[in-house]
Amino acid sequence: MSNRYEASGEIKAIMDTQQVTDSFRKREFALEIEDGRYPQIVKFQLVQDKTELLNDFEPGQQVRVHFNLRGREFTRKSDGTTDYWTNLECWRIESSEDAADQPGPSN
């Protein structure tokens with residue numbers, strides 16, 4: 001199973017970079033993806049040096065996002081309950097115009 005995915009849409013929001021710990025930082029953004037009558041607003045995250053990828057983009061731009069699906073189990077020490085987290089971790093973002101100029105895969 002491949003863990004690489006793509007989505008295209010309009011950037012709705014770009015959040016500030018968050019320094020989570022001394023050695024970990026992240027930055028999130030929301031993408032509106034057309035899905036028939038009901039567009040989906042999906043949050044992606046970039047981590048570490050990838051947070052800078054958003055510096056050249058702004059809300060309203062059409063982009064293609066390349067991302068990995070990440071998930072983990074988390075058990076709270078306070079009460080022992082378990083939760084499951086899912087992140088869409090972006091590793092590349094490009095303007096839809098730039099993506100359209102690139103040749104597609106040949107058969």
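Biologist: At what distance, N to O, do the side chains of Arg-92 and Glu-94 meet in a salt bridge?

Modeller: Side chains of opposite charge can pair when their charged atoms come close. The criterion for a salt bridge is a side-chain nitrogen of Lys or Arg within 4 Å of a carboxyl oxygen of Asp or Glu. Arg-92 and Glu-94 satisfy it with an N to O distance of 3.0 Å. Please keep in mind that this is a predicted model, in which local features need pLDDT of at least 70 and side-chain atom pairs count only at pLDDT 80 or more, while totals for chains, interfaces and linings use all residues. Residues are numbered from 1 along each chain as its sequence is written, and side-chain values use heavy atoms, with hydrogens and water left out.

Biologist: Is Glu-94 counted as buried or exposed, and which residues share a network of salt bridges with it?

Modeller: Relative accessible area is computed with a 1.4 Å probe on protein chains only; buried means under 20%, exposed means over 50%, and partly exposed lies in between. Glu-94 counts as buried because its relative accessibility is 7%, whereas Arg-92, at 35%, is partly exposed. Salt bridges link Glu-6, Arg-64, Arg-92 and Glu-94 in a network. Across the protein's 107 residues, 28% count as buried.

Biologist: What order do the elements of the protein follow from the N terminus on?

Modeller: Elements are DSSP runs, numbered from the N terminus: helices are H or I of at least four residues, and strands are E of at least two. The protein has one helix and six strands, and their order is β-β-β-β-β-β-α.

Biologist: How many salt bridges does the rule give, and what residue does Arg-25 meet in one of them?

Modeller: The count is eight salt bridges. Among them, Arg-25 meets Glu-52 at 3.7 Å, N to O. This pair joins distant parts of the chain, 27 residues apart, with Arg-25 in strand β3 and Glu-52 in the loop between β4 and β5. Arg-25 is partly exposed, at 26% relative accessible area. Another salt bridge pairs Glu-28 with Lys-43, whose closest N and O atoms are 3.5 Å apart. Here too distant parts are linked: Glu-28 belongs to strand β3 and Lys-43 to strand β4, 15 residues apart. Glu-28 is buried, with a relative accessible area of 13%.

Biologist: How many aromatic pairs does a search of the whole structure find?

Modeller: A pair of aromatic rings is described by the distance of the centres and the angle of the planes. Rings of Phe, Tyr and Trp (for Trp, the six-membered ring) pair if their centres lie within 6.5 Å; planes under 30 degrees apart count as stacked, over 60 as edge-to-face, and the rest as tilted. The search finds four aromatic pairs. One of them, Phe-44 with Phe-67, is edge-to-face, at 5.0 Å centre to centre and 70 degrees between the planes. Because Phe-44 lies in strand β4 and Phe-67 in strand β5, this pair ties together parts 23 residues apart in sequence. Phe-44 is buried, with a relative accessible area of 1%, and Phe-67 likewise counts as buried, at 9%. The rings of Phe-74 and Trp-85 are stacked, because their centres are 4.8 Å apart and their planes lie at 20 degrees. That pair links Phe-74 in strand β5 with Trp-85 in strand β6, 11 residues apart. Phe-74 is partly exposed at 27% relative accessible area, as is Trp-85 at 37%. One aromatic cluster consists of Tyr-5, Phe-29, Phe-44 and Phe-67.

Biologist: Which residue lies over the face of Trp-91?

Modeller: A charge sits over a ring if NZ of Lys or CZ of Arg is within 6 Å of the ring centre and within 35 degrees of the ring normal. Arg-4 lies over the face of Trp-91, 4.7 Å from the ring centre.

Biologist: What residues lie nearest the centre of the largest pocket?

Modeller: Rolling a probe the size of a water molecule over the atoms shows where empty space is left. On a 1 Å grid over the protein atoms alone, a cavity is a set of points where a 1.4 Å probe fits but cannot get out; a pocket is an open set with protein on both sides within 12 Å along at least five of seven lines, and lining residues have an atom within 4 Å of a point. Of the 15 lining residues, Lys-26, Gln-45, Trp-85, Thr-86 and Asn-87 lie nearest the centre. Elements giving two or more residues to this lining are β3 (24-33), β4 (40-47), β5 (62-75) and β6 (82-95), and β6 provides the largest share, five residues.
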